[in-house]
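Colleague: I'm new to reading protein models. Could you walk me through this one, feature by feature?

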Amino acid sequence: YSNHPVYNWVEISGSGTVIPLTDNGDENDDSYVVTLTFNFYYGDNNYTQITVCSNGWLAMGNQAAQVNYRNYPIPSSIGPADMIAPFWDDLRVNTTGVTRRVYYQHDVANHRFIIEWYQLLQVGPGSPLETFQVILYDQDYQSVDNGDILFQYQNVTNNTNSNSTDNHYATVGIENQTQHAGIEYSYWNSYPAGAAPLQNNLAILFTQDPGS
C-alpha cells in the first residue's frame with residue numbers, strides 16, 4: 001500500500017515532558033492523564049485528554065483509575081475502554097534521572113502528538129529494557145475521520161514473564177469504547193498471517209486511508 005509505514009524514530013527523551021509515573025515495583029502500577037494540544041478523533045469520538053500507563057498502553061479520556069499490568073487479548077472487557085496498546089505488559093519506570101521514564105511532546109510543525117516509553121524495565125527473564133512510542137496524528141491535517149496512530153519500536157524484547165500471575169508476552173493492538181471490537185496485532189507471541197513479529201526498528205500504522 002502507498003501509505004505503508006516507514007520506521008523513523010522521533011527521540012523525545014531529551015526534549016519532551018516527563019510524565020510523573022511512579023511504577024517502580026510490585027503493586028505500584030500507575031497511570032496519568034495528559035491533555036492533548038489538539039482534538040483527537042478515535043472511534044468517531046472527540047477527545048482532548050489521554051490516559052498514559054506505565055505498563056505500555058494509553059487510553060482515550062480520563063481513565064486514571066485504570067492501571068492494568070496483566071495483559072489480555074484484544075478485544076477484552078478487562079482493561080480500559082478505547083485502549084491503544086503498543087506494548088501492554090508489566091513494566092517499570094524509575095523516578096530519578098532520565099532513564100526508564102515516559103515522555104510526551106506536541107510536534108507542532110508535523111501536527112502530531114508523541115508518547116515515548118523510554119527504557120522501561122520489563123518484568124521477565126533478563127529484565128530487558130523496552131523503548132517504544134505512539135504517535136497520534138491530527139486528523140484535521142489528514143483526509144480521514146479518525147486520526148492515524150503509529151507504533152514505533154526502537155528496542156523491544158517480547159518476553160515471557162517471571163511472575164506466575166502475569167500473562168506471558170506483550171499485547172499489541174487497539175480497542176473500541178465498548179470493548180467489543182478491536183485490532184489485535186499480537187497476543188501471547190501470536191501474530192496474524194503475514195505480520196512481522198515485534199522487533200527493533202519496526203513501525204505499525206493504524207489508518208483509515210491505506211492508499212492505493
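Colleague: Let's start with secondary structure. How many helices and strands does the protein chain have?

Modeller: This is a predicted model, and its protein chain has zero helices and 13 strands. Going along the sequence, you simply read β-β-β-β-β-β-β-β-β-β-β-β-β.

Colleague: And the overall dimensions? What is the radius of gyration of the protein chain?

Modeller: The radius of gyration is 16 Å, and the globule rule gives 17 Å for 212 residues. Those two values are close, so the chain is as compact as a globular protein of that length. If you draw a box along the principal axes, the C-alpha atoms fill roughly 45 × 40 × 30 Å. As for what is covered, 51% of the 212 residues count as buried.

Colleague: Which contacts tell me about sequence distance?

Modeller: Take the contacts between residues at least 6 apart in sequence: 60% of them join residues at least 24 apart.

Colleague: Now the sheets. In what order do the strands of the open sheet come?

Modeller: For a sheet, you list the strands by who pairs with whom. Here six strands form an open sheet with the order β2-β3-β4-β5-β11-β12, and the pairing is antiparallel. Its edge strands are β2 (31-42) and β12 (182-186), each pairing on one side only. On average, neighbouring strands in this sheet are turned by 15 degrees against each other, direction ignored.

Colleague: Can we zoom in on one pairing there? Which residue stands opposite Ala59?

Modeller: That is Met83 in β5. The strands involved are β4 (residues 57-60) and β5, which pair in the antiparallel sense over two bridges.

Colleague: What about β7? Which strands pair with β7?

Modeller: One is β1 (residues 17-19), joined to β7 (residues 101-107) by three bridges, with the two strands running antiparallel. Look for Ile19 there: its bridge partner in β7 is Val102. Another is β8 (residues 112-122), which pairs with β7 over seven bridges, again in the antiparallel sense. In that pairing, Tyr103 stands opposite Glu116 in β8.

Colleague: How many residues sit between β7 and β8 in their hairpin?

Modeller: There are four residues between them, and His111 in the turn has a positive phi of about 55 degrees.

Colleague: Let's do aromatic pairs. How many does a search of the whole structure find?

Modeller: The search finds nine. To read a pair, look at the distance between ring centres and the angle between ring planes. For Phe87 and Phe132, the centres are 5.4 Å apart and the planes are at 35 degrees, so this pair is tilted. Phe87 is in strand β5 (residues 83-88) and Phe132 is in strand β9, so the pair ties together parts 45 residues apart in sequence. Phe87 and Phe132 are both buried.

Now try Phe151 and Phe206: their ring centres are 5.0 Å apart and their planes are at 65 degrees, so this pair is edge-to-face. It links Phe151 in strand β10 with Phe206 in strand β13 (residues 202-206), 55 residues apart. Phe151 and Phe206 are buried too.

Colleague: Which residues form an aromatic cluster with Phe87?

Modeller: Trp117, Phe132 and Tyr153 join Phe87 in one aromatic cluster.

Colleague: You mentioned β13. Is that strand mostly covered or mostly open, and how many of its residues are buried?

Modeller: Mostly covered: four of the five residues in β13 are buried. Its antiparallel partner β10 is joined to it by five bridges, and Tyr153 has Leu202 as its bridge partner in β13.

Colleague: What does the largest nonpolar core look like, and which residues have the most contacts inside it?

Modeller: That core has 36 residues, and those with the most contacts inside it are Ile50, Ile84, Ile115, Leu136, Phe151 and Tyr153. Its largest share, five residues, comes from β2. Apart from it lies another core of eight residues, including Val10, Tyr103, Ile114 and Ala203.

Colleague: Last one: is Asp140 buried or exposed?

Modeller: Exposed counts as over 50% relative accessible area. Asp140 has 58% relative accessibility, so it counts as exposed. You'll find Asp140 in the loop between β9 (129-137) and β10 (149-155). As a distance exercise, go from Asp140 to Pro192: they are 52 residues apart in sequence and 31 Å apart in space, C-alpha to C-alpha.

Notes: Residues numbered from 1 in each chain as written. Predicted model: local features only at pLDDT ≥ 70, side-chain atom pairs only at ≥ 80, totals over all residues. Heavy atoms only, no water. Buried < 20%, exposed > 50% of the residue type's maximum accessible area, 1.4 Å probe, protein only. Pairing = 2+ DSSP bridges. Phe/Tyr/Trp six-rings, centres within 6.5 Å; stacked < 30°, edge-to-face > 60°. Axes fitted to C-alpha atoms, helices over the stretch in contact; angles between N-to-C directions. Core = buried A, V, L, I, M, F, W, Y, C linked by side-chain atoms within 4.5 Å. Rg over C-alpha atoms; globule rule 2.2 N^0.38 Å. Contact = heavy atoms within 4.5 Å.
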